[in-house]
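Biologist: I'd like to learn how to read a protein model. Could you walk me through this one, feature by feature?

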Amino acid sequence: FHRDGFSFQFLWPEAATFNLYASIPIGAFMVIAGTVYARSFLKTPQLHPIYDKILLANILMAVALVVGSIWFHHGDVKRLMVLCASYSTLTFFLGGLIASHKRFREVRFFVFGWAGVFLAAALMSGRHLLGLNITRDMTIDSVRYLIIFDGLMMGLAMIDRYLQTRRTQRKTLEENLRIAKQNLD
């Protein structure tokens, strides 16, 4: 979003200084939104309380980076934000794997989607933090394609969750009807 330079020039063409800073709160928002989604979808507060604390640490890291950007150079904070985003996507993917041991059918699209995003984040981190010889175009294109893939997987995850909930409700109604018929007999 930030590296291609076009998005922020379009959104805030007269605010060059803000354009340099804007990726920090937007990156933090993406980490926080992803964390809230992962906690909700995987039901970590109820089913995985220890892992839920790891997810909450993602939110604290993102907020700390935004606050830290007040005192530290934005370039250093951006590098840390890339690392924070990569770490967060890894925690989302690992959380999906943990949940898939007992309920794979329920979380399979979540796992596939975050695997793609983690791959894109690893490419971005490898290029920007580790200095891997990956072209800028390859990095940006991979992120764009994997974001589309992730959107598809997350959409399928929500549709699948809805359909599973409907099936469970229907089975419960059928069972209640069967019991009611037995009671009438």
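## Reading the model together

Modeller: Happy to. Keep in mind that this is a predicted model. Let's begin with the core, where one residue makes a handy starting point: phenylalanine 41 touches Arg103, Glu106, Val107, Phe110, Ala157, Met158 and Arg161, leaving out residues up to four places away in sequence.

Biologist: Which residues have the most contacts inside the largest nonpolar core?

Modeller: A nonpolar core is a set of buried nonpolar residues joined through their side chains. Here the largest one has 17 residues, and Phe41, Leu42, Phe92, Val107, Phe110 and Trp114 have the most contacts inside it. Helices α2, α4, α5 and α6 each give two or more residues to this core, and α5 gives the most, with 9. There is also a second, separate core of 8 residues, including Ile24, Ala28, Val77 and Cys84.

Biologist: Let me step back. How many helices and strands does the chain have?

Modeller: The chain has 6 helices and 0 strands. Of its 185 residues, 39% count as buried.

Biologist: How do I check the length of a helix, say α6?

Modeller: Use the rise of 1.5 Å a residue: the 49 residues of α6 (residues 136-184) should span 72 Å, and the end C-alpha atoms are 71 Å apart, so the two agree. You can repeat this on α4, where 20 residues should span 28 Å and the ends are 28 Å apart.

Biologist: And what does "buried" look like along a helix?

Modeller: There's a general idea to start from. An α-helix has 3.6 residues a turn, so residues three or four places apart point the same way. Now look at the buried residues of α6: among them are Thr139, Ile140, Val143, Leu146, Asp150, Met153, Ala157, Asp160 and Gln164. In α4, the buried residues include Leu55, Asn58, Ile59, Ala62 and Leu65.

Biologist: Is serine 86 buried or exposed, and why?

Modeller: Buried means under 20% relative accessible area. Serine 86 has 8%, so it counts as buried. This residue lies in helix α5, and beyond its neighbours within four places in sequence it is in contact with Phe118, Ala121, Ala122 and Ser125.

Biologist: What about the opposite case: why does isoleucine 70 count as exposed?

Modeller: Exposed means over 50%, and isoleucine 70 has a relative accessible area of 62%, so it qualifies. You'll find isoleucine 70 in the loop between α4 and α5. Together with Val63, Val67, Trp71 and Phe72, Ile70 makes a nonpolar surface patch of about 580 Å².

Biologist: Now charges. How many salt bridges are there?

Modeller: A search of the whole structure finds 3. In one of them, the side chains of aspartate 52 and arginine 39 meet, 2.5 Å from N to O. That pair links distant parts of the chain, with aspartate 52 in α4 and arginine 39 in α2, 13 residues apart. Aspartate 52 is buried at 7%, while arginine 39 is partly exposed at 23%.

Biologist: Where do arginine 108 and aspartate 160 sit?

Modeller: Arginine 108 is in α5 and aspartate 160 in α6, 52 residues apart. Their closest N and O atoms are 3.3 Å apart. Arginine 108 counts as buried at 16%, and aspartate 160 does too at 6%.

Biologist: And arginine 178 with glutamate 175?

Modeller: Both lie in α6, 3 residues apart, about one turn of the helix. Their closest N and O atoms are 2.4 Å apart. Arginine 178 is partly exposed at 39%, and glutamate 175 is partly exposed at 34%.

Methods: Residues numbered from 1 in each chain as written. Predicted model: local features only at pLDDT ≥ 70, side-chain atom pairs only at ≥ 80, totals over all residues. Heavy atoms only, no water. Helix = DSSP H or I, 4+ residues; strand = E, 2+ residues; numbered from the N terminus. Expected span 1.5 Å × (residues − 1). Buried < 20%, exposed > 50% of the residue type's maximum accessible area, 1.4 Å probe, protein only. Core = buried A, V, L, I, M, F, W, Y, C linked by side-chain atoms within 4.5 Å. Contact = heavy atoms within 4.5 Å. Patch = residues over 30% accessible without salt bridge, like charges linked within 9 Å, V, L, I, M, F, W, Y side chains within 5 Å. Areas by Shrake-Rupley, 256 points an atom, 1.4 Å probe, with all protein chains shown as cover. Salt bridge = Lys/Arg side-chain N within 4 Å of Asp/Glu carboxyl O.
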